[in-house]
Amino acid sequence: MPTLIPQATRIQSAGNKPKLIDEYVGRVNTKSAAASVAHMRSPPGWLEPGQTPEFDEFTIVLKGMLRVEHKGGTLDVNAGQAVIVHAGEWIRYSTPENGGAEYIAVCLPAFSIESVHRDE
């Protein structure tokens, strides 16, 4: 039988400015370790610490631009585009442009503080 998820749970974000994270599927809202699905809204000038996650992350940008720094350079992902970050790759997300960004992030397995491995 399908499971209705009546609402998301707001998750506290990391970074230099507050970012809205609404988790629909994941360890907090549905107690799922298999995957997480979250709706993100980050302000202009937001910058997250670098990280080397143990999960793959699939991100679809709905509005604005999401910058993904990686060991080989920088990738700008615009509205209507997507990016896959593979487990074990160092990356850092930011939204440097006016208007920030809105995006959907899917992590396999589900995001966790223990498996994201943020830079100190």
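Two strands pair if DSSP finds at least two bridges between them. The report below applies that rule to a predicted model, and then turns to charged side chains, the nonpolar core and some unusual backbone positions.

## Strand pairing around Asp-22

Strand 2 has pairing partners on both sides of the sequence. Strand 1 (residues 9-11) and strand 2 run antiparallel and are joined by 3 bridges. Strand 2 and strand 3 are also antiparallel, with 5 bridges between them. Asp-22 belongs to strand 2. Its bridge partner in strand 3 is His-39, while Arg-10 stands opposite Asp-22.

Apart from neighbours within four places in sequence, Asp-22 is in contact with Ala-8, Thr-9, Arg-10, Val-37, Ala-38, His-39 and Arg-41. Asp-22 counts as buried because its relative accessibility is 10%, which is under the 20% limit.

## Salt bridges

Side chains of opposite charge can pair when their charged atoms come close. The structure holds 6 salt bridges, and the table gives three of them.

| Acidic residue | Basic residue | N to O distance |
|---|---|---|
| Asp-22 | Arg-41 | 2.6 Å |
| Glu-48 | Arg-118 | 3.7 Å |
| Asp-76 | Arg-67 | 2.7 Å |

The side chains of Asp-22 and Arg-41 meet in a salt bridge at 2.6 Å. This pair links distant parts of the chain, with Asp-22 in strand 2 (residues 20-25) and Arg-41 in strand 3 (residues 36-42), 19 residues apart. The two side chains also make a polar contact at 2.6 Å. Arg-41 is partly exposed, at 23% relative accessibility. A network of salt bridges links Arg-10, Asp-22 and Arg-41.

The salt bridge between Glu-48 and Arg-118 has its closest N and O atoms 3.7 Å apart. Glu-48 lies in the loop between strand 4 (46-47) and strand 5 (56-70), and Arg-118 in the segment after helix 1 (113-116), so the pair ties together parts that are 70 residues apart in sequence. Glu-48 is buried, at 7% relative accessibility, whereas Arg-118 is partly exposed, at 26%.

In the salt bridge of Asp-76 with Arg-67, Asp-76 is partly exposed, with a relative accessibility of 33%. Arg-67 is likewise partly exposed, at 25%.

## A buried acid without a salt bridge

Which buried residue has no salt bridge, although a side chain of opposite charge is 6.9 Å away? The residue is Glu-57, and the side chain at that distance, the nearest of opposite charge, is that of Lys-19. A salt bridge requires the nitrogen and the carboxyl oxygen to be within 4 Å, so the separation of 6.9 Å does not qualify. The side chain of Glu-57 does make a polar contact with the side chain of Tyr-93, at 3.2 Å.

Glu-57 is found in strand 5. Strand 5 runs antiparallel to strand 7, and 4 bridges join the two. In strand 7, Val-85 is the bridge partner of Glu-57. Leaving aside neighbours within four places in sequence, the contacts of Glu-57 include Val-83, Ile-84, Val-85 and Tyr-93. Strand 7 (residues 82-85) has two unlike faces: Val-83 and Val-85 form the covered face, and Ala-82 and Ile-84 the uncovered one.

## The nonpolar core

In soluble globular proteins, nonpolar side chains tend to be buried together. Here the largest nonpolar core has 15 residues, and those with the most contacts inside it are Met-40, Leu-66, Val-68, Tyr-93 and Tyr-103. Strand 3, strand 5, strand 7, strand 8 (91-95) and strand 9 (101-108) are the elements that give two or more residues to this core.

Leu-66 offers a view of these surroundings. Beyond its neighbours within four places in sequence, Leu-66 is in contact with residues including Trp-46, Val-61, Leu-75, Val-77, Tyr-93 and Tyr-103. Asp-76 is also among the contacts of Leu-66.

## Backbone features

A cis peptide bond joins Leu-108 and Pro-109, with omega about -10°. Pro-109 lies in the loop between strand 9 and helix 1.

Lys-31 is not a glycine, yet has a positive phi of about 60°. Lys-31 lies in the loop between strand 2 and strand 3 and is exposed, with a relative accessible area of 67%. His-117 also has a positive phi, near 55°. This residue lies in the segment after helix 1, and His-117 is partly exposed, with a relative accessible area of 38%.

Methods. Residues are numbered from 1 along each chain as its sequence is written. This is a predicted model: local features need pLDDT of at least 70, side-chain atom pairs count only at pLDDT 80 or more; totals for chains, interfaces and linings use all residues. Side-chain values use heavy atoms; hydrogens and water are left out. Helices (H or I, at least four residues) and strands (E, at least two) are DSSP runs, numbered from the N terminus. Buried means under 20% relative accessible area, exposed over 50%, partly exposed in between (1.4 Å probe, protein chains only). Lys and Arg count as positive and Asp and Glu as negative; His and the chain ends are not counted. A polar contact is a pair of N or O atoms within 3.5 Å; within protein, one must be able to donate a hydrogen and the other to accept it, and residues adjacent in sequence count only if both atoms are side-chain atoms. Contact means heavy atoms within 4.5 Å. A nonpolar core is a set of buried Ala, Val, Leu, Ile, Met, Phe, Trp, Tyr and Cys residues joined through side-chain atoms within 4.5 Å.
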